Amino acid sequence: MNLLEVKSLSKTYGSGNTAVHALKNVSFAVPKGEFVAIVGESGSGKSTLLNMIGALDTPTEGKVYIDGKDILSMDDNAMTVFRRRNIGFIFQAFNLMPELTVEQNIIFPVLLDYQKPDKAYLDELLSVLNLKERRNHLPSQLSGGQQQRVAIGRALFTRPSLILADEPTGNLDSQNTNEVIALLKETSKKYEQTIVMITHSRSIAQTADRILQVSDGMLTDFGRQ
């Protein structure tokens with residue numbers, strides 16, 4: 001079963017002679033549990049594509065279905081709730097709350113949804129992420145790799161069906177990069193989550209189950225590894 005379906009997605013900025021076609025009729029599907037890497041040069045359209053999938057931007061044309069739901073047809077309130085409960089975001093810049101501890105940062109999305117955090121699941125995640133001894137530390141007391149693991153934990157804690165990762169290792173050294181990618185693969189299998197990751201690195205992309213390339217707004221599927 002496909003968890004994600006992107007159908008004839010196009011995005012144009014501006015009009016006439018100054019129009020920029022960031023995406024051109026992009027279509028693909030991702031089965032549940034697959035780890036997909038999207039590669040492309042800067043300005044190729046890959047970040048625009050990820051933003052469309054996460055409903056952070058709207059396309060000029062096309063549809064995005066997550067778990068069979070047409071997410072772009074939702075109103076703002078429904079979209080906000082759906083995104084919070086079904087999509088986990090991991091960004092290059094970590095985007096942690098500096099005044100909150102590791103534990104508080106991870107459970108924050110659940111608190112936003114007025115839900116009670118699952119303490120057993122939190123303990124499990126902290127163990128998987130190797131953060132148990134750091135649970136009461138602030139982000140400023142952590143290394144870059146540890147901060148990114150907190151961001152991964154935050155993305156996982158709502159048990160989303162889809163994880164969107166935008167250059168998640170862009171600010172990390174090679175050792176932490178390898179650890180974070182290995183962790184994403186491990187959690188994808190362990191929690192049966194679908195991951196779509198943007199990266200400019202071919203070597204990182206090779207670790208994914210499947211590689212897509214965006215070039216000049218058009219998509220090429222290189223197939224499964």
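Me: Which residue follows α1, and what is the sign of its phi?
Reply: Ala 55 follows α1, and its phi is positive, near 60 degrees. Helices here are DSSP runs of H or I with at least four residues, strands are runs of E with at least two, and both are numbered from the N terminus.

Me: Anything I should know about the model before going on?
Reply: The model is predicted: local features need pLDDT of at least 70, side-chain atom pairs count only at pLDDT 80 or more, and totals for chains, interfaces and linings use all residues. Residues are numbered from 1 along each chain as its sequence is written, and side-chain values use heavy atoms, with hydrogens and water left out.

Me: ok. How many helices and strands in the chain?
Reply: Seven helices and ten strands.

Me: And how does the radius of gyration of the chain sit with a compact globule?
Reply: The chain has 17 Å, which agrees with the value near 17 Å for a compact globule of 225 residues. The radius is taken over C-alpha atoms, and the globule rule is 2.2 Å times the number of residues to the power 0.38. Along its principal axes the C-alpha trace spans about 55 × 40 × 35 Å.

Me: What share of the residues is buried?
Reply: 50% of the 225. Buried means under 20% relative accessible area, exposed means over 50%, and partly exposed is in between, with a 1.4 Å probe and protein chains only.

Me: Back to α1. Is it mostly covered or mostly open?
Reply: Mostly covered: α1 runs over residues 46-53, and six of its eight residues are buried. They are Lys 46, Thr 48, Leu 49, Leu 50, Met 52 and Ile 53.

Me: Take Leu 49. Why does it count as buried?
Reply: Because Leu 49 has 0% relative accessibility.

Me: What is Leu 49 in contact with?
Reply: Leaving aside neighbours within four places in sequence, Leu 49 is in contact with Leu 9, Leu 23, Val 26, Phe 28, Ile 38, Val 214 and Leu 219. Contact means heavy atoms within 4.5 Å. Phe 94 is 45 residues from Leu 49 in sequence, and their C-alpha atoms are 20 Å apart.

Me: Phe 94, then. Which residue of α5 touches it?
Reply: Gln 147, which is found in α5 (residues 144-157). Not counting residues up to four places away in sequence, Gln 147 touches Phe 94, Leu 96, Pro 139 and Leu 142.

Me: Is Gln 147 buried or exposed?
Reply: Gln 147 counts as buried, at 18% relative accessibility. Its side chain reaches the backbone oxygen of Leu 142 at 3.5 Å.

Me: What do the buried residues of α3 pack against?
Reply: Against α2 (76-86), α4 (119-128) and α5. The buried residues of α3 (residues 102-112) are Val 102, Glu 103, Asn 105, Ile 106, Ile 107, Pro 109 and Val 110.

Me: And what comes after α3?
Reply: Tyr 114, with a positive phi near 60 degrees.

Me: Different topic: Ser 203. Where does it lie?
Reply: In helix α7, residues 202-205. Ser 203 is exposed, because its relative accessible area is 54%.

Me: Which side chain does the Ser 203 side chain make a polar contact with?
Reply: That of Ser 201, at 2.9 Å. A polar contact is a pair of N or O atoms within 3.5 Å; within protein, one must be able to donate a hydrogen and the other to accept it, and residues adjacent in sequence count only if both atoms are side-chain atoms.
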